[in-house]
Amino acid sequence: MNNVIEHITIEQNSEQIENTPFPIKVFPEVVQKYIVDCSKNLNLVADFMGVGMLSEASTFTGNSFVLKIKEDWIERGLLWLCIVGHSGVRKTPSLNNILEPLFRADKMIYENDMERKKSMESQLEKTDTTVPVRQLKVTDSTIEALIGILQDNPNGVLYFKDEL
């Protein structure tokens, strides 16, 4: 089964909507090869993995860089992404596979910060300060909690929801 969508035409309200595949050629060759191999060997969807890779790159870059479009116009590498597909089309496995490095890094950073926070507890009680806990991703949060998370993570975080 080939998970690279070549070309689909969808009829909606008597109009034709064309859907072209995700252009994985925008990625370095090693990433392209990984996506194609996973698509062929693990039955994952290249389009979904491509979107996930953009999300991962955006998360790791975050607010650390800006692109100067014009003298008075800058943009950050922040993306708002969503994939939509019917149940069973391998959205979750495709995203989880490509985002695994980010998930591992997030876990390592969190565990290190919690260990550091625990070792500093006695000092923190005396000064009434807190140690920020860094994160790369958030999976479930209220808007109020997200404000605090973003204060501790000025570079930004990935807000990852498996179901919208």
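Is Arg 134 buried, exposed or partly exposed? In this predicted model, Arg 134 is partly exposed, its relative accessible area being 40%. That residue is a handy place to begin, and the account returns to it after a look at the fold.

The chain is built from 5 helices and 6 strands. Followed along the sequence, these elements come in the order β-β-α-α-β-β-α-α-β-α-β. Of the 164 residues in the chain, 30% are buried. Among contacts with a separation of 6 or more, 48% are made by residues 24 or more positions apart.

The helical pair H1 and H2 comes early in this pattern. Helix H1 covers residues 29-41 and helix H2 covers residues 46-61; their axes come within 9 Å and cross at roughly 145°. The crossing of H1 with H2 is right-handed. On the H1 side, the contact is made by Val 31, Tyr 34, Ile 35, Cys 38 and Ser 39, while H2 contributes Ala 46, Met 49, Gly 50 and Met 53. Sorted by class, this contact holds 7 nonpolar and 2 polar residues, with no charged ones.

Between the two helices, the loop joining H1 and H2 contains Asn 43. Most residues other than glycine have a negative phi. Asn 43, which is not a glycine, has a positive phi near 60°. Asn 43 has a relative accessibility of 30% and therefore counts as partly exposed, falling between the 20% and 50% limits. A comparable entry is found at Arg 90, another non-glycine residue, where phi is positive at about 75°. Arg 90 sits in the loop between S4 and H3, and its relative accessibility of 32% places it in the partly exposed class.

The strands S3 and S4 offer a neat local motif. Strand S3 (residues 66-70) pairs with strand S4 (residues 73-76) in the antiparallel sense, over 4 bridges. A hairpin of 2 residues joins S3 to S4. Lys 70 has Trp 73 in S4 as its bridge partner. A salt bridge is also found here, between Glu 71 and Lys 68, with 3.3 Å between the closest N and O atoms. Both Lys 68 and Glu 71 are exposed.

Helix H3, spanning residues 91-119, holds several of the residues described next, Lys 117 among them. Ser 94 is also in helix H3. With a relative accessibility of 0%, Ser 94 counts as buried. What does Ser 94 contact once its neighbours within four places in sequence are left aside? Its contacts are Leu 44, Val 45, Phe 48 and Met 49. Met 49 also belongs to the H2 side of the contact between H1 and H2.

Further along helix H3, attention turns to charged side chains. Side chains of opposite charge can pair when their charged atoms come close. The whole structure contains 5 salt bridges, and Asp 113, Arg 116 and Arg 134 are linked in a network of them. Within this network, Arg 116 and Asp 113 form a salt bridge in which the closest N and O atoms are 3.3 Å apart. Arg 116 and Asp 113 are 3 residues apart in helix H3, so about one helical turn separates them. Asp 113 also meets Arg 134 in a salt bridge, with an N to O distance of 2.9 Å. Because Arg 134 lies in the loop between helix H4 (121-127) and strand S5 (137-138) and Asp 113 lies in helix H3, this pair ties together parts that are 21 residues apart in sequence.

The members of the network fall into two accessibility classes. Asp 113 is buried, with a relative accessible area of 1%. Arg 116 is partly exposed, with a relative accessible area of 35%, and Arg 134, the residue of the opening question, is partly exposed at 40%.

Lys 117 rounds off the picture of helix H3. Lys 117 is partly exposed, with a relative accessible area of 29%. How many residues along the chain separate Lys 117 from Pro 132? The two are 15 residues apart, and their C-alpha atoms are separated by 8.3 Å.

Conventions. Residues are numbered from 1 along each chain as its sequence is written. This is a predicted model: local features need pLDDT of at least 70, side-chain atom pairs count only at pLDDT 80 or more; totals for chains, interfaces and linings use all residues. Side-chain values use heavy atoms; hydrogens and water are left out. Buried means under 20% relative accessible area, exposed over 50%, partly exposed in between (1.4 Å probe, protein chains only). Two strands pair if DSSP finds at least two bridges between them. Axes are lines fitted to C-alpha atoms, for helices over the stretch in contact, and angles run from 0 to 180 degrees between N-to-C directions. A crossing is left-handed if the near helix is turned anticlockwise from the far one by less than a right angle, and right-handed if clockwise. Contact means heavy atoms within 4.5 Å. Ala, Val, Leu, Ile, Met, Phe, Trp, Tyr, Cys and Pro count as nonpolar, Asp, Glu, Lys and Arg as charged, and the others, Gly among them, as polar. A salt bridge is a side-chain nitrogen of Lys or Arg within 4 Å of a carboxyl oxygen of Asp or Glu.
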